[in-house]
Amino acid sequence: MKPVLEVKDVQKRFGGLWALKNISFMVGDAEVVGLIGPNGAGKTTCFNVVSGQLPPSSGEISFDGQSIVGLRPNRIVRLGLSRTFQATSVFPAASVLENVIRGAITRMNVSFLGSLLPTPGSAEAMERARERCMQLLHQVGIAHVHDHLAGALPYGYQRRLGVAIALASEPKVIMMDEPAAGLNPEESAAMGRLIRQIHESGQASVLIVEHDMRLVMGICDRIIVLDHGEQIAAGKPDEIKSNPQVIEAYLGAEAVH
Amino acid sequence: MDFMTLTVQAGVNGLVIGMMYMLMAVGFTLVFGIMRIVNFAHGEFYMIGSLVAFYTFAQWEVPFVLTLVLAAVCVGLIGMVVEWLVIRPLRSDELTGMIATLGISVVLQNAVLMFFGASPRAIPDVVEGSLHVGPVVFTWSRLLVIAAAAVIVGGFWLFMQKHKLGRAMRAVAQDQEAALIQGISVDRIFPLAFGISVALAAVAGALMAPVFAVSPFVGTTPMLKAFIVVILGGLGSIPGAILGGLLLGLIESYGATMLGSVVADILQLALVIGILLIRPSGLLGHREA
Amino acid sequence: MRETSMVLDKSAPSDPARRSWTPLVLVIVACGAAAFVPSLLPNLFYVHIANLTLLSGIFALSLWIIYSVGQLSLGHAAFAGLGAYISALLALRLGVPPLLSLVISGLATATSAALLGAVILRLRGVYFVLVTFLFGQIFTLVALNWSDVTNGANGLISIPPMALFGLSFASRSSFFYFAFAMFILVLLLTWALNRSMFGRAFHSIQQNIDLAESCGIDTSRFQIVAFAIGSGIAGVGGAMMAHYIRYISPDTFTFQNSVAFITMIVVGGRSLYWGALVGALFLTPLPELLRDFAGMQHILYGAVMIVVLRFLPGGLISLASLVKPNRG
């Protein structure tokens, strides 16, 4: 399989503390990969390092064969690696459709200066973008509320909108930060189906960072397990399930709680 | 005057203003750390403190210690009312809270301007005479400012470390959610923090009233300096404010002696912008995620 | 910041997706009406107030542009002052024609804002505000003390009046037409920016900067662009002021003025650029009419601002949507 996203020996240190030690994994052309671990394992740090929010202390991250270390998040998104946020993250004062259009801003064929003076060409490009964004809203199942204010949507819908915004930038890989957090079992299952569908339709590969083991086991092709900033296992869900180190890490974490 | 005398003299002057900056900055940074509000009215509370000194000490000849207490209590109460009336309903977002304090500042300053007038009025020194150590002369009044400020900041520090409420404040500053879970009531802590913060500013104003004259505009410079100090020391950091205040006072005093005060002032501002660029969170501040 | 914006924009019905041409029509109507303003006003004092209001409108609109990327500048008056000094000095020392000096000062101000912005816009929120505040202080200090150039506290006098192709705008009435034209120009620019992709990017940044960055929007670049445009326009406004009043000093452009501009956009309504206009229109004449009560005007500014923040967070323009519920 051709790797699209490749993370090699990435380390991250905060002060004297290692938040990440020697993390290496890759996400291939068409797969769903899960990054799991108990609380405080370094999942979110890892996510932020890969998406450009935080610079790694050392190591190499490449996307499509090009190094993305040191690039600002907006550049990384333009290369085709987009992300969703853990909490609800929408543009609250804009309509749902406008939210998705903003996600598509880098893929629209409209020049910024040109848009100051409206031309038929830019209007047409705008119309095309609008149509494509409506399709995305259909895909995530919230097209019927496209003209509502995003800030007024129920929580579950905002999470779906977050996915649509991330898809609008036409990513090759979409990274999801705890997509099921705060969702009830039903919504969570629907989110799982949506993720599978994104992958199966060939739209994008998916990298999920998730605390909830069940969701990850159900939908991922491969799983990487972190504990205390270290990568303790990687493999197919079945292998992970029976890996004693993983069980220990999770049980240990549970015991603490 | 020889070099040695000049150096010591500038050092004492630097300590005096440094102590004032420290009192200002500690309160300013306290409110920011706990409430996430930049209080643009902080200087006005300093000004009201010096006004209290003008009336109680210079006019009614109340003992100076009592003047300091009165300034702290009056302004502290005013601060709590302001917090309750204006800031509490508006603190939900950073910019709005900040704009509200701009409004408070304008109202307070001009209200004082209306009944006090614009012209500065002097008030007498608290203690006369001076201390001679070899060729160097220390006026007692300046030494008093240093001592009093040191005692007050020391007391404040102890309060924050040892007292239940002080510890609660530090808890809120560190992690509001966690503090809420521990049962600390933000609605009690915020007015208290704001009151203490502006009371410290008022004490600074009262202490400095004999050094500078009293007018509606005396709060502007101390507030500006408090900004600079907290940027130097890191917004929200109390040790940063204490250290930064002293440091700025000394830098300023020596800078003014060597370069003239205007150049020193401009350099100071440029220095702060420079430091922000290299270490956006200040010299002792924590990095905000 | 995220929750912040939700609160801020609760009243925002604006959706750049729904682009209306109504403002353009209103502008044309306003232009027609403006022709008669100077002759209709009872005396020159009122014309003067009308001129100041137009200038305030320019300052408030330009500050709003900066606000629309989620930043607050407390150095807005300082940028106006920078433009004023540059234009006045060019005209006085080098005999540059006022219109040209106006353009130069606008560009110079925008450039210095871009330079400052490139350095400070990495600082989010509070730090940015503090640095703009410090910039304002530096400006005042330099203007006061660089006497060889700025003439210190005495300021610059006998600044030549505005002139355009031999047409002089020296009198209050004639300046009105110039100020009005410039005001409309700024208004159109704001309108065009707001409905363009720039507006889309700006609003994205204001509402949720992290998400905007993840949408591929270069948030720092757009913040610098907005800061430079806004400050550049302020510089032009300051230069206009210099050629109108024909006297400037460090006192003409103080921190108080910066606060006044902020008051305008808050009182008018922060969510839309119309708010800035309404604020300028409402607040500029007020203190002039209250001139007899010294000090009262500033108290009024502060009090009105607090009351509006407290009881009408969407500003005066939100009154309109109370009357006529928005379709969105």
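How many residues of domain 1 of chain A are in contact with domain 2 of chain A? Select the two domains in turn to find out, keeping in mind throughout the tour that this is a predicted model.

**Chain A and its two domains**

Begin with chain A, where the domain assignment gives domain 1 as residues 1-80 together with 171-257, and domain 2 as residues 88-170. With the two coloured separately, 10 residues of domain 1 of chain A can be seen in contact with 10 residues of domain 2 of chain A. On the domain 1 side of this contact, the elements that give two or more residues are helix H2 (73-79) and helix H6 (185-200) of chain A. By class, that side of domain 1 divides into 6 nonpolar, 2 polar and 2 charged residues. The C-alpha centres of domain 1 and domain 2 of chain A lie 26 Å apart.

Before leaving chain A, colour the chain by confidence: its mean pLDDT is 85, and 96% of its residues reach 70 or more. Within chain A, helix H3 (residues 96-103) has the highest confidence, at a mean of 93, whereas helix H9 (residues 244-256) has the lowest, at 67.

**From chain A to chain C**

Next, show chain C beside chain A, and look for the contact between them, which takes 28 residues from chain A and 27 residues from chain C. On the chain C side, at least two residues each are supplied by H1, helix H9 (172-195), helix H10 (197-207) and helix H11 (209-214) of chain C. Of these, H10(C) is the one to select, since the largest share of the side of chain C that touches chain A, 7 residues, comes from H10(C). The residues on this side of chain C divide into 11 nonpolar, 10 polar and 6 charged.

**Inside chain C**

Keep H9(C) selected and add helix H4 (residues 44-67) of chain C, for the axes of these two helices come within 9 Å and cross at roughly 20°. An angle under 35 degrees counts as roughly parallel, and the crossing angle therefore makes H4(C) roughly parallel to H9(C). The crossing in which H4(C) passes H9(C) is left-handed. To see the contact itself, display the residues that make it, including C:Leu54, C:Leu55 and C:Ile58 of H4(C) and C:Phe176, C:Phe180 and C:Phe183 of H9(C). Sorted by class, the residues of the contact of H4(C) with H9(C) are 17 nonpolar, 6 polar and 1 charged.

**From chain C to chain B**

Now bring chain B into view and turn to its boundary with chain C, where 34 residues of chain C are in contact with 34 residues of chain B. On the chain C side, the elements that give two or more residues are helix H1 (2-8), helix H7 (126-145), helix H13 (255-268) and helix H16 (296-311) of chain C. H7(C) provides the largest share of this side, 12 residues. By class, the side of chain C that touches chain B has 24 nonpolar, 7 polar and 3 charged residues.

With the three chains shown together, chains B and C have the most contacts among the 2 pairs of chains that touch. Chain A and chain B do not touch, and their nearest C-alpha atoms are 9 Å apart.

**Inside chain B**

Colour chain B by confidence as well: the mean pLDDT of chain B is 85, and 96% of its residues reach 70 or more. Among the elements of chain B, helix H7 (residues 176-181) has the lowest mean pLDDT, 74, and helix H2 (residues 42-59) has the highest, 92.

Select H2(B) together with helix H4 (residues 94-116) of chain B, and you will find them packed at an angle of about 25°, with their axes 9 Å apart. H2(B) and H4(B) are therefore roughly parallel to each other, and H2(B) passes H4(B) in a left-handed crossing. The residues that make the contact are B:Glu44, B:Met47 and B:Leu51 of H2(B), with B:Ser105, B:Leu108, B:Gln109, B:Val112 and B:Phe116 of H4(B).

For the last stop, select helix H3 (residues 64-90) and helix H8 (residues 186-208) of chain B, whose axes come within 7 Å and cross at roughly 140°. That angle makes H3(B) oblique to H8(B), and H3(B) passes H8(B) in a right-handed crossing. Among the residues that make the contact are B:Gly76, B:Gly79 and B:Trp84 of H3(B) and B:Gly195, B:Val198 and B:Ala202 of H8(B). By class, this contact of H3(B) with H8(B) has 16 nonpolar, 6 polar and 2 charged residues.

Definitions and conventions
Residues are numbered from 1 along each chain as its sequence is written. Chains are lettered from A and ligands numbered from 1 in the order in which they are written. This is a predicted model: local features need pLDDT of at least 70, side-chain atom pairs count only at pLDDT 80 or more; totals for chains, interfaces and linings use all residues. pLDDT is the predictor's confidence in each residue, from 0 to 100. Helices (H or I, at least four residues) and strands (E, at least two) are DSSP runs, numbered from the N terminus. Two residues are in contact if their C-beta atoms, placed from the backbone, lie within 7 Å. Ala, Val, Leu, Ile, Met, Phe, Trp, Tyr, Cys and Pro count as nonpolar, Asp, Glu, Lys and Arg as charged, and the others, Gly among them, as polar. Axes are lines fitted to C-alpha atoms, for helices over the stretch in contact, and angles run from 0 to 180 degrees between N-to-C directions. Angles under 35 degrees count as roughly parallel, over 145 as roughly antiparallel, 65 to 115 as roughly perpendicular and the rest as oblique. A crossing is left-handed if the near helix is turned anticlockwise from the far one by less than a right angle, and right-handed if clockwise. Domain bounds come from an automatic or database domain assignment.
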